[in-house]
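Welcome to a short tour of a protein that may be new to you. Take a moment with the sequence and the picture, then read on for the main points.

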Amino acid sequence: IVCLLKVHELAPAMVINQDVRTKDGMLLLRKGQDLTMPIVECLQSFARTFGIAQPLSVLVARGAFGVPE
């Protein structure tokens, strides 16, 4: 399932469905990257410090994170 989420809503096991960039255009993650806790924490830090273009398109498994089966 494709969801549009803010950085603070991201969780491990989701997959980024777009390139992720700072508001200045610096590439942080490429489309297809699996999210891990360290990556989520890094994105949250970048969002606070530099800003990240949001919302982010992510892939979420059915039944995970409250997504209906």
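Leu59 counts as partly exposed, with 33% relative accessibility, in this predicted model. This residue belongs to strand β5, which covers residues 56-59. Below, its surroundings come first, followed by the helix, the rings, the cysteines and the protein as a whole.

**Strand β5**

- Leu59 and Ala13 are 46 residues apart along the chain, yet 9.1 Å separates their C-alpha atoms.
- Beyond its neighbours within four places in sequence, Leu59 has contacts with Ile1, Val2, Met14, Val15 and Asn17.
- Ser57 is another residue to look for in β5.
- With a relative accessible area of 11%, Ser57 is buried, whereas Leu59 is partly exposed.
- Setting aside neighbours within four places in sequence, Ser57 is in contact with Val2, Cys3, Leu4, Val15, Ile16, Asn17 and Gln18.
- Val2, Val15 and Asn17 appear among the contacts of Leu59 and also among those of Ser57.

**Helix α1**

- Helix α1 runs over residues 37-49 and has 13 residues.
- From its first C-alpha to its last, α1 reaches 18 Å, close to the 18 Å expected at 1.5 Å a residue.
- Which residues of α1 are buried? They include Ile39, Val40 and Leu43.
- These buried residues lie on the same side of α1, because the arc they cover around the axis is only 100°.
- An α-helix has 3.6 residues a turn, so residues three or four places apart point the same way.
- The buried residues of α1 pack against two strands, β3 (20-21) and β4 (27-29).
- On the face turned away from the buried side of α1, you will find the exposed residues Pro38, Arg48 and Thr49.
- After α1 comes Gly51, which has a positive phi, near 90°.

**Thr22 and the loop between β3 and β4**

- The loop between β3 and β4 holds Thr22.
- Is Thr22 buried or exposed? Its relative accessible area is 6%, so Thr22 is buried.
- Not counting residues up to four places away in sequence, Thr22 touches Leu28, Phe46, Phe50, Gly51, Ile52 and Ala53.
- Gly51, the residue with positive phi that follows α1, is thus one of the residues that Thr22 touches.

**Aromatic rings**

- A pair of aromatic rings is described by the distance of the centres and the angle of the planes.
- The count of aromatic pairs here comes to one.
- That pair is formed by Phe46 and Phe50, with ring centres 5.3 Å apart and planes at 40°, so it is tilted.
- Phe46 and Phe50 are both among the residues that Thr22 touches.

**Cysteines**

- A disulfide is a covalent bond between the sulfur atoms of two cysteines.
- The count of disulfides comes to zero.
- Cys3 is buried, at a relative accessible area of 18%, while Cys42 is partly exposed at 40%.
- Cys3 is also one of the contacts of Ser57.

**The protein as a whole**

- The protein has one helix and five strands, and along the sequence they follow the pattern β-β-β-β-α-β.
- Of its 69 residues, 32% count as buried.
- Among contacts between residues at least 6 apart in sequence, 59% join residues at least 24 apart.
- The accessible surface of the protein is about 4300 Å², and 55% of it belongs to carbon and sulfur atoms.

Notes: Residues numbered from 1 in each chain as written. Predicted model: local features only at pLDDT ≥ 70, side-chain atom pairs only at ≥ 80, totals over all residues. Heavy atoms only, no water. Phe/Tyr/Trp six-rings, centres within 6.5 Å; stacked < 30°, edge-to-face > 60°. Helix = DSSP H or I, 4+ residues; strand = E, 2+ residues; numbered from the N terminus. Expected span 1.5 Å × (residues − 1). Buried < 20%, exposed > 50% of the residue type's maximum accessible area, 1.4 Å probe, protein only. Arc of directions from axis to C-beta. Contact = heavy atoms within 4.5 Å. Disulfide = S-S within 2.5 Å. Areas by Shrake-Rupley, 256 points an atom, 1.4 Å probe, with all protein chains shown as cover.
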